[in-house]
Each structure stands twice: as structure tokens, then as C-alpha cells.
Amino acid sequence: MKTLDGFNSRLPREFKGIISLIQTQGKRNLFPLALFFLLSSNLIFAPVIYAATGEEITRKAAWAIGVLILVTIAIALYLLAVILQPERF
């Protein structure tokens, strides 16, 4: 616990406010937070797709393919949870 206190003492006041806002808003609104992580994880997938295809597709198409891949993975995980725990749904 001491390392967290040292970490918190080194953070600027603005970062502490942002972190506490994310923690309070994240408990109530999961969709905007999930959307943020979905789009920021697309920063990894889109350049890989664009590099693998070369100049055959545009950057917008690479971003769209990356979003489609991430949405497909999310739906697959949701369906897996529904199959394994049907009483919760």
C-alpha cells in the first residue's frame, strides 16, 4: 500500500482528478469507456492491416476492418458468456 501512496503523491492534481472521474463514471456508464478502449485498441490493428495489404486499400478501409474485427471478437465473447451462464441473461 505504501507504493500506491508514493505514486499518488507524485501525480499532478489534474491527473488525480481525471483518474477519479474515470473511476466514478466507469461504474455508472460502461458503454463510453468500452467504446474508448475499442477505438484506442484499433490504433494497434489498423496500421497492421494497412501494412499487410500495402497500397491496395485506403486508411479508412483499414480502420473499418479493424473495428469490424474488434466488434466480431466482442460479440463472440458475449455469446460465449451467454452460452456458459444463461441464467444471468
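## Exercises on a predicted helix pair

In this predicted model, α3 and α4 pass one another in a right-handed crossing. Let's work through it together.

**Exercise 1.** Describe how the axes of α3 and α4 are arranged.

*Solution.* Start with the extents: α3 covers residues 30-53 and α4 covers residues 59-84. Next, take the two values that describe the pair: their axes come within 8 Å and cross at roughly 125°. Finally, name the arrangement: with that angle, α3 is oblique to α4.

**Exercise 2.** Work out which residues form the contact of α3 with α4, and what their character is.

*Solution.* On the α3 side, look for Leu38, Leu39, Ser41, Asn42, Leu43, Phe45, Ala46, Ile49 and Tyr50. Facing them from α4 are Arg59, Ala62, Trp63, Ile65, Gly66, Val67, Ile69, Leu70 and Val71. Now sort the residues of this contact: 14 are nonpolar, three are polar and one is charged.

**Exercise 3.** Zoom in on Leu38 and find its contacts beyond its sequence neighbours.

*Solution.* First, place the residue: Leu38 sits in helix α3. Then set aside neighbours within four places in sequence, and Leu38 is left touching Leu70 and Val71. For Val71, compare sequence and space: Leu38 and Val71 are 33 residues apart along the chain, with their C-alpha atoms 8.3 Å apart.

**Exercise 4.** Set the UniProt record beside the model.

*Solution.* The unreviewed UniProt entry lists residues 30-50 and 62-84 under "transmembrane region". In the model, residues 30-50 are 100% helix, with end C-alpha atoms 30 Å apart. Residues 62-84 are also 100% helix, and their end C-alpha atoms lie 33 Å apart.

**Exercise 5.** Decide where to read the model with care.

*Solution.* Begin with the whole protein: mean pLDDT is 77, and 71% of residues reach 70 or more. Then go by helix: confidence is highest in α4, at 88, and lowest in α1 (residues 2-10), at a mean of 55. Where pLDDT is low, predicted coordinates should not be read in detail.

Notes: Residues are numbered from 1 along each chain as its sequence is written. This is a predicted model: local features need pLDDT of at least 70, side-chain atom pairs count only at pLDDT 80 or more; totals for chains, interfaces and linings use all residues. Side-chain values use heavy atoms; hydrogens and water are left out. UniProt positions are given in the numbering used here, feature names are shortened, and annotations may be inferred rather than shown by experiment. Helices (H or I, at least four residues) and strands (E, at least two) are DSSP runs, numbered from the N terminus. Axes are lines fitted to C-alpha atoms, for helices over the stretch in contact, and angles run from 0 to 180 degrees between N-to-C directions. Angles under 35 degrees count as roughly parallel, over 145 as roughly antiparallel, 65 to 115 as roughly perpendicular and the rest as oblique. A crossing is left-handed if the near helix is turned anticlockwise from the far one by less than a right angle, and right-handed if clockwise. Contact means heavy atoms within 4.5 Å. Ala, Val, Leu, Ile, Met, Phe, Trp, Tyr, Cys and Pro count as nonpolar, Asp, Glu, Lys and Arg as charged, and the others, Gly among them, as polar. pLDDT is the predictor's confidence in each residue, from 0 to 100.
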